[in-house]
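Visitor: I would like a guided look at this protein. Could you take my questions one at a time?

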Amino acid sequence: MAKIGIIGIGNMGYAIAKGLLKQYGKEDIVFTDVNQDRCAQVSKELGIDWVKTNQECAKLATYIVLAVKPQYFDPLLEQLKDTVTEKNVIISIAPGITTTQLKEKLGEEKRVVRAMPNTPALLGEGMTGVCYDEKSFSDEEKHAIDSIFTSLGKMRIVEERLMNAVVCVSGSSPAYVYLFIEALADSAVKYGLPRDAAYEMAAQAVVGSARMVLETGEHPGALKDKVCSPGGTTIAGVSALEEFGFRNAVIKASDACFKKCEKI
Ligand SMILES: NC(=O)C1=CN([C@@H]2O[C@H](COP(=O)(O)OP(=O)(O)OC[C@H]3O[C@@H](n4cnc5c(N)ncnc54)[C@H](O)[C@@H]3O)[C@@H](O)[C@H]2O)C=CC1
Ligand SMILES: O=C(O)[C@@H]1CCC=N1
């Protein structure tokens, strides 16, 4: 089995490592990070080997996931360009950095995949948008790329021009969902519900509602209508949300997120 190397074992690198362990053996994965205390701690927890340098990691792995912040990409790519070869599959999960830019820095002959995962990958419940130039990869490699991302949850191949939209709806959106869960729980605590019950109920409402969308195939608006009894409690709540611009606030969040991707 070709090894998967992860460079940067922070929030997302760690989530990917943990998600991969659902489908891959510990011996199939290797990682590194400039923070070597972090490496030692993650290695102890997950039982995966780590190496001291990015070059060592790149030499050991065929599939190399770049999981550092976009602002560190230039020195990272400079460091890797003579170590990675045309045999490697380089997977960048950075927002806003295009496959063209990656190849410009690594060498035109290098093969790159751009992906946008999200942190629920940690539980195998992630969602990843992926794009790459199909002609550059063998069927076996395409299968391996599929297998890496499906071990983290769901994946969809998207056109590269849509990757910033994927950041909006998937990469960044868990943060908005956590804000919603926190606020919803607070609102119930305000009326006396104990905090642990409030978090469980708010989070399960999100899980259950999301599964209704995915598994019934019904339009979210139709599902919303089934909760809103005429003259009832829910429509009173929906009306208050709309008064405060709930849907528009979400759309504005994506506008800000998209703009930020463009600036990277
Ligand atoms: N956190 C998230 O939900 C998501 C993050 N991403 C992307 O994943 C990448 C990593 O993000 P996070 O994990 O959130 O950041 P993070 O800051 O939690 O982790 C980055 C890790 O990279 C290490 N690092 C920094 N420079 C390095 C270098 N030159 N060589 C090796 N390691 C180095 C840091 O010590 C740190 O542990 C970013 O490009 C981010 O945009 C993508 C999707 C979701
Ligand atoms: O906030 C960020 O920049 C990264 C990309 C998507 C989620 N987190």
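Guide: Happy to help, and here are your questions with my answers, for what is a predicted model.

Visitor: How many helices and strands are there in the protein chain?
Guide: Let's begin with the overall frame. The C-alpha atoms fill a box of roughly 65 × 40 × 30 Å along the principal axes. Within the protein chain, the count is twelve helices and eight strands.

Visitor: What percentage of the 264 residues in the protein chain is buried?
Guide: Burial here requires 20 or more other C-beta atoms within 10 Å of a residue's own. Of the 264 residues, the share that is buried comes to 30%.

Visitor: Which helix gives the largest share of the largest nonpolar core?
Guide: That core has 56 residues, and I16, I64, V65, L66, I90 and I91 have the most contacts inside it. In soluble globular proteins, nonpolar side chains tend to be buried together. The largest share of this core is six residues, and they come from residues 11-20, helix α1.

Visitor: Which residues is I90 in contact with, leaving aside neighbours within four places in sequence?
Guide: I90 is among the core residues with the most contacts inside the core. With those sequence neighbours set aside, the partners of I90 are I64, L66, V84, L102, L106, K110, R111, V112 and V113.

Visitor: How many nonpolar, polar and charged residues does the shell around ligand 2 have?
Guide: The residues surrounding ligand 2 are P95, V167, G171 and S172. Glycine counts as polar in this scheme. By class, the shell is therefore two nonpolar, two polar and no charged residues.

How values were computed
Residues are numbered from 1 along each chain as its sequence is written. Chains are lettered from A and ligands numbered from 1 in the order in which they are written. This is a predicted model: local features need pLDDT of at least 70, side-chain atom pairs count only at pLDDT 80 or more; totals for chains, interfaces and linings use all residues. A residue is near a molecule or strand if its C-beta atom, placed from the backbone, lies within 6 Å of it. A nonpolar core is a set of buried Ala, Val, Leu, Ile, Met, Phe, Trp, Tyr and Cys residues joined through C-beta atoms within 7 Å. A residue is buried if 20 or more other C-beta atoms lie within 10 Å of its own, exposed if 12 or fewer, and partly exposed in between; C-beta atoms are placed from the backbone. Helices (H or I, at least four residues) and strands (E, at least two) are DSSP runs, numbered from the N terminus. Two residues are in contact if their C-beta atoms, placed from the backbone, lie within 7 Å.
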